[in-house]
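Dear colleague,

I am handing over the structure we spoke of, and below it you will find notes on what came out of the analysis. Please read them with the model open beside you.

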Amino acid sequence: MSDKEMMQKNIEEFTRLQQYMLLVEKDSPAYKTMKIRYIELKVILNSSGVNLTELDMIKE
C-alpha cells in the first residue's frame, strides 16, 4: 500500500469514526473506546502533515 493510499484510508477511518462518536453518549463505554482510536488517528494524520481543521468534527 502506498503512502497516499494509507493516508486516504486513515482519513476515511477518522471521518467515519467521528460520525459514530457523534451518535453515542460521551460517557458511554463505546465512546470511550472510540476516543482512543480517534486520538491515535489524529496523531497519525497530524504527523503525516494533514490539516485536521476541516476534518475534525469532535475537536477534543
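Once residues up to four places away in sequence are set aside, Lys32 touches Lys26 and Asp27. Lys32 itself lies in helix 2, and its C-alpha is 9.1 Å from that of Met21, a residue 11 positions apart from Lys32 in sequence. Please keep in mind throughout that this is a predicted model.

Helix 2 also holds Lys42, and which residues does Lys42 contact when its neighbours within four places in sequence are left aside? They are Phe14, Leu52, Asp56 and Glu60, and with Asp56 there is in addition a polar contact, made between the two side chains at 2.8 Å. Lys42 has a relative accessible area of 19%, and because buried means under 20%, Lys42 counts as buried.

Phe14, one of the residues in contact with Lys42, leads on to the aromatic rings, for which the count comes to one pair. The ring centres of Phe14 and Tyr38 are 5.5 Å apart and their planes meet at 15°, so the pair is classed as stacked, given that planes under 30 degrees apart count as such. This pair links distant parts of the chain, since Phe14 belongs to helix 1 (residues 3-21) and Tyr38 to helix 2 (residues 29-47), with their positions 24 residues apart in the numbering. Both Phe14 and Tyr38 are buried.

With best regards

Technical notes: Residues are numbered from 1 along each chain as its sequence is written. This is a predicted model: local features need pLDDT of at least 70, side-chain atom pairs count only at pLDDT 80 or more; totals for chains, interfaces and linings use all residues. Side-chain values use heavy atoms; hydrogens and water are left out. Rings of Phe, Tyr and Trp (its six-membered ring) pair if their centres lie within 6.5 Å; planes under 30 degrees apart count as stacked, over 60 as edge-to-face and the rest as tilted. Helices (H or I, at least four residues) and strands (E, at least two) are DSSP runs, numbered from the N terminus. Buried means under 20% relative accessible area, exposed over 50%, partly exposed in between (1.4 Å probe, protein chains only). A polar contact is a pair of N or O atoms within 3.5 Å; within protein, one must be able to donate a hydrogen and the other to accept it, and residues adjacent in sequence count only if both atoms are side-chain atoms. Contact means heavy atoms within 4.5 Å.
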